[in-house]
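Student: I'd like a close look at one part of this structure: pick a helix, tell me what it packs against, and follow the aromatic contacts outward from there.

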Amino acid sequence: MTNYIDVRSDDIELTTDFSDVRDLHALWLQTKGGALPELALFADWLTGPLGERTLLLRADGDALVYAHVGSRVLALFGHDPTGKALEALTNPGAISFRPVYVDVLRSGRPGLGLHNKVGFGAVGITERLILPVQDRGTPCLLCYIRPREDATNILRSVFNVSADAITVIHAFRNASGAIEDFGVLAANAESARRLNATPELLIGRSIREIWPFAQEKGLLARFVRAVESQISDVFDASYPQDGKLVDRQLRLAPHGEGLTITDVDIGPTLAAARAINQQHQDLIKANEMLEARAIDLMASYESLERTTQELRDEITRNRALEAELVHLAHHDSLTSLPNRSFFELRFEEKLKQMKRARRRAALCIIDLDHFKDINDSLGHDAGDMVLREISSRLRSTIRKSDVIGRLGGDEFAVVLTNAHDIEDAATAVRRMMVAVARPFSVKGQDVPISLSAGIAIFPADGRTFGELMADADIAVYRAKRAGRGRTVFFEPSMRDDAERRYGLLKALRLALDAGQIMPVYQPLVDIRTGGLAGFEALARWQHPERGMLAPAAFAETFDEPDIAQAMTKMMLGRVLEDLANWRSQGLAIRTNMNVTAFDLRNPGFADDLVAQLRRHGLDSDQLGIEVTETTILSRDAERIEATLHELRRLGFSIALDDFGTGYASLSHLRALPVNSLKIDRSFVTDLEHDPKTNAIVRSIIELAAALELEIIAEGVETRAQLDAVRALGCPIIQGYLIAQPMAAEDVPGFVTDFVDSVSSRRWRVA
């Protein structure tokens with residue numbers, strides 16, 4: 001058995017696979033003051049069900065003594081160590097963790113030990129969260145243990161007794177992030193035997209060391225490509241071993257930074273194939289000679305017949321093998337559907353038939369909605385089950401003349417032949433949607449399945465495979481942008497729109513790199529006092545040709561994660577610089593800015609925001625966070641809500657922007673840590689003329705008052721609108737009536753003028 005421990009302290013939240021490990025770590029962080037947290041604060045944890053996975057070590061002089069060992073931890077020891085000193089135990093796990101425990105206790109910082117166990121009967125990783133605490137002045141270590149690997153001992157044994165060499169390696173990256181080597185995490189007995197070593201001696205050694213030919217033979221490059229692309233690879237290779245050249249088939253299975261290499265000895269197979277081929281040639285020659293001498297060898301007829309039959313059987317077997325190899329080359333191994341290359345070939349054949357018959361056909365590209373969420377929540381094996389079920393359901397809905405294939409990942413394609421018109425194609429796709437949407441359970445959990453589909457019609461939308469594939473891709477993208485779970489037919493305008501959007505994305509990425517995105521600031525005024533309530537930072541694009549552009553000109557790009565997060569990063573940096581600059585001029589100005597769902601899904605967003613404020617010498621009460629209703633209702637809403645609660649705990653104010661335009665319910669207002677609601681400008685614009693709008697705004701203001709939330713009216717541009725919102729009891733306004741958004745350098749002058757004229761301003765507002 002090999003025990004290898006990797007200890008993490010700075011990135012525990014990102015390293016662990018378990019939410020309860022994060023929760024316990026967060027509890028320790030919350031309860032830590034100037035000294036170590038008291039053990040009593042974790043009493044509920046120790047006495048609850050999770051205490052079964054917990055052990056407690058108490059300092060006794062220079063020794064550490066086991067004070068508590070949970071029932072599940074006892075199974076790891078094989079005996080009860082309670083009351084014994086750590087130094088007295090001789091099992092490998094305890095010996096491996098001795099220096100780790102000492103380091104954590106000395107540093108006073110939590111540590112997450114990733115315990116890699118490799119050997120006969122045990123393969124896997126166990127997480128061990130080690131928290132330094134004190135019990136009335138006595139230092140203690142609270143350890144919570146979670147195994148990552150659920151595989152049974154039988155499966156682990158299979159790993160070790162496999163006739164194929166199996167090696168698990170992990171990427172080593174240099175300072176620039178490039179992979180320069182790999183280290184061995186695990187190796188089975190066959191892998192070690194071929195290297196004249198034991199599995200234990202291979203752990204930790206580099207690939208360059210144990211396979212010195214890896215770079216020369218191009219193997220290292222294939223390993224790097226598999227890890228970087230996360231795509232499995234299978235290839236044949238010949239390399240030296242024990243002074244002779246061996247033939248191997250290498251099967252690469254990437255998993256994050258790790259890579260599992262299965263080394264299959266195909267030398268005997270190749271030798272057998274050569275022998276069979278030679279035998280085949282010999283039999284053919286013998287048959288020719290026997291047939292030429294048939295008249296003279298009638299006495300040997302029975303022997304000749306047997307030989308001929310053997311030859312026929314061999315040919316039949318070879319043909320069956322050839323047919324199987326052809327099938328494997330043309331079909332997806334997971335779903336048994338035609339793979340992309342074979343689908344393209346059959347699609348081309350169908351197009352030729354349709355052209356000759358002058359008939360229509362429809363290409364439908366189908367994308368499974370939110371498939372990544374299924375893989376992330378239930379595991380890739382569950383994802384494979386979903387893909388197999390979807391392929392089966394899709395296949396059951398199409399005609400024999402239609403063509404179906406899996407293009408890759410969660411993307412499928414169907415060619416509907418003889419599609420008389422758009423309605424005919426739409427009916428066929430609806431049939432697929434209904435079949436796929438039937439209830440489906442994986443691992444005891446119901447999995448909601450929906451599809452987004454894009455359809456291109458032959459010959460109206462295109463006459464070649466490439467044209468139709470491009471058009472259908474554009475249509476399915478439009479279906480996903482429109483909310484998923486729907487079908488979109490290609491229209492020529494979509495191609496122009498796709499090219500325009502691509503150009504906009506490219507230009508905006510260049511604009512971000514060039515620093516052309518800048519904030520402007522619009523003031524908020526409290527009409528009860530006439531005082532300045534703060535500013536909102538609004539994004540503008542200083543376009544080199546079109547001048548200053550408002551977000552409406554480029555907002556459609558915000559659903560791209562890299563664009564949205566880069567926009568937030570640039571805006572936040574500029575806003576904090578402006579706040580710090582104003583503060584140096586003696587102006588303590590409070591400013592709000594919008595963030596996106598992509599930002600809030602990042603678990604480290606709140607802490608990173610606080611760190612940036614501190615670098616600029618600012619406090620959290622100087623920066624408010626605004627989120628839209630669509631943001632809080634987007635995918636991964638629980639993660640977003642958790643980030644908002646963390647921001648609120650750190651002192652940030654939270655405003656719910658564009659309120660009333662989305663689908664947020666009263667339950668969201670009750671659960672979310674918002675301080676204020678912003679009435680959307682569309683309501684303010686219609687307030688004077690539409691009694692229904694007036695009633696809605698009145699209800700929003702009364703609701704905010706009942707929930708003790710601040711209420712802000714956006715887009716107040718006329719005196720009549722001001723009078724209307726004031727009559728409804730809205731205390732804070734924002735809009736062109738006060739001022740248009742201004743550059744950062746104009747804010748100090750505006751604030752000075754505003755304060756100097758506060759009495760007259762109050763008179764005009766009142």
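Tutor: Let's take helix 10, in what is a predicted model. The elements covering its buried residues include strand 7 (165-173), strand 8 (179-187), helix 9 (207-210), strand 9 (233-241), strand 10 (244-255) and strand 11 (258-265). The residues being covered are Leu-219, Leu-220, Phe-223, Ala-226 and Val-227, which are buried in this helix of residues 219-229. Looking down the axis of helix 10, you'd see those buried residues fall within an arc of 125 degrees, so they line one face of the helix. The general background is that an α-helix has 3.6 residues a turn, so residues three or four places apart point the same way. Right after helix 10 comes Gln-230, and its phi is positive, near 55 degrees.

Now for the rings. The whole structure holds 12 aromatic pairs. One of them joins Phe-182 and Phe-223 edge-to-face, with 6.2 Å centre to centre and 85 degrees between the planes. That pair ties together distant parts of the chain, since Phe-182 sits in strand 8 and Phe-223 in helix 10, 41 residues apart. Phe-182 and Phe-223 are both buried. They also belong to one aromatic cluster, along with Trp-211, Phe-213 and Tyr-239. Helix 10 residue numbers also take in Arg-222, and Arg-222 lies over the face of Phe-235, at 4.0 Å from the ring centre. You'll find a similar arrangement elsewhere: Arg-146 lies over the face of Phe-18, at 4.1 Å from the ring centre.

For a second edge-to-face pair, go to Phe-347 and Phe-465, with 5.4 Å centre to centre and 75 degrees between the planes. This one also links distant parts of the chain: Phe-347 is in helix 13 (residues 340-357), Phe-465 is in helix 17 (residues 465-481), and they're 118 residues apart. Phe-347 counts as buried because its relative accessibility is 2%, and Phe-465 counts as buried because its value is 13%; the cut-off is under 20%.

Helix 13 takes us on to a sheet. It lies across strand 12, strand 13, strand 14 (411-417) and strand 17, running at about 145 degrees to strand 13. Helix 16 (residues 422-436) packs on the sheet too, touching strand 12, strand 14, strand 17 and strand 18. The sheet itself is open, with 5 strands in the order 13-14-12-17-18 and mixed pairing. Its edges are strand 13 (403-408) and strand 18 (487-489), each pairing on one side only. Further in, strand 12 (residues 361-368) and strand 17 (residues 451-458) run antiparallel, joined by 8 bridges.

Technical notes:
Residues are numbered from 1 along each chain as its sequence is written. This is a predicted model: local features need pLDDT of at least 70, side-chain atom pairs count only at pLDDT 80 or more; totals for chains, interfaces and linings use all residues. Side-chain values use heavy atoms; hydrogens and water are left out. Buried means under 20% relative accessible area, exposed over 50%, partly exposed in between (1.4 Å probe, protein chains only). Helices (H or I, at least four residues) and strands (E, at least two) are DSSP runs, numbered from the N terminus. The arc is that of the directions from the helix axis to the C-beta atoms. Contact means heavy atoms within 4.5 Å. Rings of Phe, Tyr and Trp (its six-membered ring) pair if their centres lie within 6.5 Å; planes under 30 degrees apart count as stacked, over 60 as edge-to-face and the rest as tilted. A charge sits over a ring if NZ of Lys or CZ of Arg is within 6 Å of the ring centre and within 35 degrees of the ring normal. Two strands pair if DSSP finds at least two bridges between them. Axes are lines fitted to C-alpha atoms, for helices over the stretch in contact, and angles run from 0 to 180 degrees between N-to-C directions.
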